Amino acid sequence: GRSFTFEAWIRLASLPEPGAPMKIFHAEKSLALNVISHGRLSLSVNGNLPENVVFDAKSAILKPLIWYHIAVTYSMIHAGRTGTGRRTAKRGDCPL
């Protein structure tokens, strides 16, 4: 199946410029996890509806020079259906 959980520790030196996503993980054109403008996480799964989800809740915004543990889980069960599933970003802050 195409269900997965991806997790990583990240620390941004700076925020990406608008229109220039910062790649965290890419699997050809099928999957991408990026940091986009204003410190938001973006998950793209080719063939999913919607294909791109932006985690823009205030609690999910990343700031430079802070370590974050991020995790994203995707389940193929609801792929291709509009309006199903949830979008939730979990992060653990570890300021150094």
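Which residue takes a positive phi in the hairpin of E4 and E5? In this predicted model, the residue is Gly47, with a phi near 95°, and the hairpin has six residues between its strands. That turn is a handy place to enter the structure, and the paragraphs below work outward from it.

The overall make-up is simple to state. The protein chain contains seven strands and zero helices, so that, read from the N terminus, its elements run β-β-β-β-β-β-β according to the DSSP-based definition of strands. Of the 96 residues in the chain, 29% are buried. The chain exposes about 6400 Å², with carbon and sulfur atoms supplying 56% of this area. Among contacts between residues at least 6 apart in sequence, 51% join residues at least 24 apart.

Four of the strands form an open sheet, in the order E2-E3-E4-E5, with antiparallel pairing. Strand E2 (22-27) and E5 are the edge strands, each pairing on one side only. On average, neighbouring strands of the sheet are turned by 15° against each other, direction ignored. As general background, strands of a sheet pair through backbone hydrogen bonds, either parallel or antiparallel.

Within this sheet, E3 and E4 run antiparallel and are joined by six bridges. Ala32 stands opposite Ser44 of E4 in this pairing. The two strands also form a hairpin with three residues between them, and His38 in the turn has a positive phi of about 65°. The loop between E3 and E4 also holds Ser37. Is Ser37 buried or exposed? Its relative accessibility is 12%, and because buried means under 20%, Ser37 counts as buried. Apart from its neighbours within four places in sequence, Ser37 is in contact with Pro16 and Pro18.

On its other side, E4 pairs with E5 in the antiparallel sense over four bridges. Here Ser42 has Val54 as its bridge partner in E5, and Leu43 stands opposite Val53. Why is E4 described as largely enclosed by the rest of the structure? The reason is that five of its six residues are buried. One residue of this strand, Ser44, makes a side-chain polar contact of 2.7 Å with Asn52. Not counting residues up to four places away in sequence, Ser44 touches Ser30, Leu31, Ala32, Glu51 and Asn52.

A further pairing links E1 and E6, which run antiparallel and are joined by eight bridges. One of the matched pairs places Arg11 with Trp67 of E6 as its bridge partner. In a regular strand, side chains alternate between the two faces of the sheet. E6 shows such alternation: Tyr68, Ile70, Val72 and Tyr74 point to one face and are buried, whereas Trp67, His69, Ala71 and Thr73 point to the other and are not.

The pairing of E1 with E6 leads on to the nonpolar interior. The largest nonpolar core has 18 residues, of which Ile10, Leu43, Leu62 and Ile70 touch the most other members. At least two residues of this core come from each of strand E1 (4-11), strand E3 (31-36), strand E4 (40-45), strand E5 (52-55) and strand E6 (67-74). E6 supplies the largest share, four residues. In soluble globular proteins, nonpolar side chains tend to be buried together. Ile10 gives a view of the surroundings of one core member: with neighbours within four places in sequence left aside, Ile10 is in contact with Ile24, Val35, Leu62, Ile66, Trp67, Tyr68 and Ile70.

The segment before E1 contains Arg2. At 39% relative accessibility, this residue counts as partly exposed. Arg2 and Ser75 are 73 residues apart in sequence, but their C-alpha atoms are 7.1 Å apart in space. Leaving out residues up to four places away in sequence, Arg2 touches Val45, Asn46, Tyr74 and Met76.

Notes:
Residues numbered from 1 in each chain as written. Predicted model: local features only at pLDDT ≥ 70, side-chain atom pairs only at ≥ 80, totals over all residues. Heavy atoms only, no water. Core = buried A, V, L, I, M, F, W, Y, C linked by side-chain atoms within 4.5 Å. Buried < 20%, exposed > 50% of the residue type's maximum accessible area, 1.4 Å probe, protein only. Contact = heavy atoms within 4.5 Å. Pairing = 2+ DSSP bridges. Axes fitted to C-alpha atoms, helices over the stretch in contact; angles between N-to-C directions. Areas by Shrake-Rupley, 256 points an atom, 1.4 Å probe, with all protein chains shown as cover. Polar contact = N/O pair within 3.5 Å; in protein donor to acceptor, adjacent residues only side chain to side chain.
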